[in-house]
Amino acid sequence: MKNKIKNYWQELDKIDKFLIFFLFFSLILRVISLSYLHLRGWDETVYLNLGHDLSINPLLYSLKNSTWTDFIPSTDVIYGWPNIGFRAPVLPYTIALFSFLKLNFFIPVIIPLIGTFNVFLVYVLGKELFNKKIGLYAMILFSLVPINLYTSGKIWSDSVFVFFMLLTFISLWRGFELGNKRFKILFGLFFSLSLLSRYTAMWFAPIFLIFFLLKYKSLFFLKDKYLWYTVGLFFIILLPWFIYGFIYYDNPIGSFIHGFKAANYYGGVQSWNYFFVNHWRIFSITGVLFIFSFIHLFLKKEYLKKEVYLILVWFIFFSAMAIMMPHKEDRYILMVVPVVCLLSGLFIDKIGKYRNIIFGFICIMLLISACNTFKTDYLISIDNTNICFSSGNNFLAETLIGNNSLIMNNQSPIVHYYTGKEIILYPKILNINTVKNLINSKYQNKKVYIFFANYDMPMESNFKNDLDINFEKVFECVKGEGYSAVYIYK
């Protein structure tokens, strides 16, 4: 066995050996954040809680019987609480599987591992479209781009979405450009899983149609029976989710509709130029490199090549859709980062004799950006506000015993994840009287703990002063600007 491994290693070329070392390095980079993480945020704990609930009852994709809640405005009977179909199911069910198998220790590593696979898949796509060297340049850039590095340490759906979307594009190219029938069928499989990872995968359907029309310059591609096989497989994979939509929304595509409704009320509205204003934080120097590569493509008419216009259409269409969405976060543009890196790699390969020096400088800049990303994340993790909020959660986790107690707070998924206890939200109109009325009308047989923290409310809030006067304080954390307190209602 030892000799076989040695012989295999000797047969590898320099690029393949470097690839193995770099993927290991990339995984280490993504796991680093796990060493100092103190507090997971809202979306992360939603996926973790939902995954845990699904491990107990995999058929109940709803918050109806849950002891926590997500932010779901309930004015709409169908597209409100308790339906949570706006959260795409692949990540929650993946967490549920590991939870069911009692492999909870592995759950934090899932996304860093997928993020490392994504680095490899960018290399594969670059090799397929261009050559090994360009794939290598793109892989290194992709691994170190700040937004990709940051999201690879969080339990979000973004890295999972990128994973299946990269597999979709690799299958599209190998299947319909290189003529591999197996990959023609896999194209539909991976595209359906992309959609079940994040609903914005719908935006890629026109991209694929444009590719086919540009490639064949007619509707001739519709005669390919394998295209219809892959379309059939696509809908077969989605069938359970259509059934879910019919049961919970009275509409087979109800969960997808809910997803796009949720995009209008989550996180507020950001300006159309959000990604441009924050381009350095998202892309670092890779964004500047991409601008030069973009100009080069048009000066040299590289955009006429199939492999280039495929990913150009990908970049232009997805970017346009992301810009038009009302709510924007840095990570929402992650899906165009592979294109930025692939086209930047293509440009670097054409620079000439100074390309290695230029690329080395770019990598140094990206490593500096990576250090800044880790530094910022670390400082957030040791922020006194977060530390006091965590201390309050720890107190409640250790203090509350049995099912007769519950916690009132407005960070329901986070507090539930760290305490394992039932959570109720503050009343919509928040004052001491509405709190008392809510408890007396619905929870008079429960022991109610009110968890106040400046993690989510201003320290100088009148509500805090009213709690100090009217309720018994059983816990307090004061640490610099950080504050949290637990009150009990008797």
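This passage walks through a predicted model, from its helices and cores to its strands and a few unusual backbone spots.

A good place to start is helix H10, which covers residues 204-216. Its 13 residues reach 18 Å from the first C-alpha to the last, close to the 18 Å expected at 1.5 Å a residue. Five residues of H10 are worth picking out by name: Phe204, Ile207, Phe208, Phe211 and Phe212 are buried. These buried residues sit on the same side of H10, because they cover an arc of only 135° around the axis. The spacing makes sense with a bit of background: an α-helix has 3.6 residues a turn, so residues three or four places apart point the same way. And what does that buried side of H10 pack against? The partners are helix H8 (158-177), helix H9 (181-197), H11 and helix H16 (306-324).

Phe204 in H10 also leads into the wider interior. The largest nonpolar core has 124 residues, and Phe169, Phe204 and Trp314 touch the most other members. Helix H8 gives the most to this core, with 13 residues. Setting aside neighbours within four places in sequence, Phe204 is in contact with Phe161, Met165, Phe169, Phe191, Trp314, Phe318 and Met335. So Phe169 and Trp314 turn up again here, this time as contacts of Phe204. There is also a second, separate core of 20 residues, and among its members are Tyr426, Leu467, Tyr483 and Ala485. As a general backdrop, nonpolar side chains tend to be buried together in soluble globular proteins.

Two residues in other helices give a closer look at buried positions. Tyr244 lies in helix H11, which spans residues 225-249. Is Tyr244 buried or exposed? Its relative accessibility is 7%, and because buried means under 20%, Tyr244 counts as buried. Beyond its neighbours within four places in sequence, Tyr244 is in contact with Tyr61, Ile84, Gly85, Tyr249 and Ser255. Tyr274, on the other hand, is 30 residues from Tyr244 in sequence and 35 Å from it in space, C-alpha to C-alpha.

The other example is Asn386, found in helix H19 (residues 384-399). Asn386 has 11% relative accessibility, so it counts as buried too. Its side chain reaches the backbone oxygen of Ile380 at 2.7 Å. Not counting residues up to four places away in sequence, Asn386 touches Leu39, Ile380, Ser381 and Tyr455. Ile380 therefore shows up both as the residue offering that backbone oxygen and in the list of contacts.

Now for the strands. Strand E3 (residues 447-453) is mostly covered, with 6 of its 7 residues buried. Which way do its partners run relative to E3? Strand E1 (residues 405-408) is joined to E3 by 4 bridges, and these two run parallel. Within that pairing, Met408 has Ile450 in E3 as its bridge partner. Strand E5 (residues 482-489) is joined to E3 by 6 bridges, and here the two run antiparallel. Phe451 stands opposite Val486 in E5.

Strand E5 has another partner as well. Strand E4 (residues 472-479) pairs with E5 in the antiparallel sense over 7 bridges. Lys479 stands opposite Gly482 in E5. The hairpin of E4 and E5 has 2 residues between the strands, and in it Gly480 takes a positive phi near 60°.

That brings up the backbone oddities. Most residues other than glycine have a negative phi, and most peptide bonds are trans. Lys217 goes the other way: it is not a glycine, yet it has a positive phi of about 55°. Lys217 follows H10 and is found in the loop between H10 and H11. With 71% relative accessibility, Lys217 counts as exposed. Lys301 also has a positive phi of about 55° without being a glycine. Lys301 lies in the loop between helix H15 (285-299) and H16, and it is exposed, with a relative accessible area of 52%.

Last up is an unusual peptide bond. Where is it found? A cis peptide bond joins Trp81 and Pro82, with omega at about 10°. Pro82 lies in the loop between helix H3 (42-56) and helix H4 (90-100).

Technical notes. Residues numbered from 1 in each chain as written. Predicted model: local features only at pLDDT ≥ 70, side-chain atom pairs only at ≥ 80, totals over all residues. Heavy atoms only, no water. Buried < 20%, exposed > 50% of the residue type's maximum accessible area, 1.4 Å probe, protein only. Contact = heavy atoms within 4.5 Å. Pairing = 2+ DSSP bridges. Expected span 1.5 Å × (residues − 1). Arc of directions from axis to C-beta. Polar contact = N/O pair within 3.5 Å; in protein donor to acceptor, adjacent residues only side chain to side chain. Core = buried A, V, L, I, M, F, W, Y, C linked by side-chain atoms within 4.5 Å.
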